[in-house]
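The exercises below are to be worked with the sequence and the 3D structure in view. Each task is followed by a stepwise solution.

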Amino acid sequence: MRLAGAVKREVRSQFGAIPWRLNDGKVEILLITSRGTGRWILPKGWPMHGATPAEAAATEAWEEAGVTGTPSHVAAGFYAYQKLLEGDNLPIVVAMFPLKVKKVHKEWPEKAERKRRWVSRKRAASLLQEPELRQMVRHFDPRAHAH
C-alpha cells in the first residue's frame, strides 16, 4: 500500500463491506455509486462507537446500498486511498469485510443519492478504481469467509 509519505498519526481508518450473493452458483458483488462523482464503489465509512469493524461495515452496507446480511469478522483485505477532507488530502486505510447479503431492501437511507448494481467479480473489479480493491474483489472467494 502506498500512503504517500504519511506520518502514522495522520493515517485514518475506515471499514467497508463487500456485499455478495450466489446467483445460479456464481458469486455476484453489489456495487454502488459514490455521491460525489457517481463512480462505482463499495460501501465504506468511519469507525462507529460501540461497533466492531465488521458491524460498522454492515451498517454502511445498509445505509449506502440497502442490503442486510451476515458480515464476516475476518477482513478480506485492505486498501489505501487519498480522501480530500477540509482541504487536506488524507491517507485512508480501509479494512474490507465480506457481507453475505440475506435481504435487498426496496427503501434505504441513501436510496435517493445512489444507484446499485449486482455484477460478477470480474466486472466489479473492472469498474472499481483502486488497484488493491480491484485485486481483492477479482480474487474474492466466499468459501474463505464461511461462518
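**Exercise 1. Helix α1**

In α1, the buried residues are Ala 54, Ala 56, Ala 57, Ala 58, Glu 60, Ala 61, Glu 64 and Ala 65; buried means under 20% relative accessible area, exposed over 50%, and partly exposed in between, with a 1.4 Å probe and protein chains only. The model is predicted: local features need pLDDT of at least 70 and side-chain atom pairs count only at pLDDT 80 or more, while totals for chains, interfaces and linings use all residues. Residues are numbered from 1 along each chain as its sequence is written, and side-chain values use heavy atoms, with hydrogens and water left out.

Task: State what covers these buried residues of α1, and compare the helix's span with the expected one.

Solution. Step 1: helices (H or I, at least four residues) and strands (E, at least two) are DSSP runs, numbered from the N terminus. Step 2: the cover of the buried residues includes β1 (12–23), β2 (26–33), β4 (44–45), β5 (67–71), β7 and β8 (116–120), where contact means heavy atoms within 4.5 Å. Step 3: the expected span is 1.5 Å times one less than the number of residues. Step 4: for the 13 residues of α1 (residues 53–65) this gives 18 Å, and the end C-alpha atoms are 17 Å apart, which agrees. Step 5: just after α1, Gly 66 takes a positive phi of about 70°.

**Exercise 2. The nonpolar cores**

Task: Identify the elements that give two or more residues to the largest nonpolar core.

Solution. Step 1: a nonpolar core is a set of buried Ala, Val, Leu, Ile, Met, Phe, Trp, Tyr and Cys residues joined through side-chain atoms within 4.5 Å. Step 2: the largest has 20 residues, and those with the most contacts inside it are Ile 29, Leu 31, Leu 42, Tyr 79, Met 96, Leu 133 and Val 137. Step 3: β1, β2, β6, β7 and α3 (131–138) each give two or more residues to this core, and the largest share, 4 residues, comes from β7. Step 4: a second, separate core of 17 residues includes Phe 15, Val 67, Val 101 and Trp 118.

**Exercise 3. The buried face of α3**

Task: Determine where the buried residues of α3 lie around its axis.

Solution. Step 1: the buried residues of α3 are Glu 132, Leu 133, Met 136 and Val 137. Step 2: seen down the axis, they fall within an arc of 130°, so they line one face of the helix; the arc is that of the directions from the helix axis to the C-beta atoms. Step 3: an α-helix has 3.6 residues a turn, so residues three or four places apart point the same way. Step 4: the cover of these residues includes β1, β2, β6, β7 and α2. Step 5: in α2 (residues 121–127) lies Ala 125, which touches Arg 134, Val 137 and Arg 138, not counting residues up to four places away in sequence.

**Exercise 4. An aromatic pair**

Task: Classify the pair formed by Phe 15 and Phe 97.

Solution. Step 1: rings of Phe, Tyr and Trp (its six-membered ring) pair if their centres lie within 6.5 Å; planes under 30 degrees apart count as stacked, over 60 as edge-to-face and the rest as tilted. Step 2: this rule yields 3 aromatic pairs. Step 3: Phe 15 and Phe 97 are 6.3 Å apart, centre to centre, with 65° between the planes, and the pair is edge-to-face. Step 4: Phe 15 is in strand β1 and Phe 97 in strand β7, 82 residues apart. Step 5: Phe 15 and Phe 97 are both buried.
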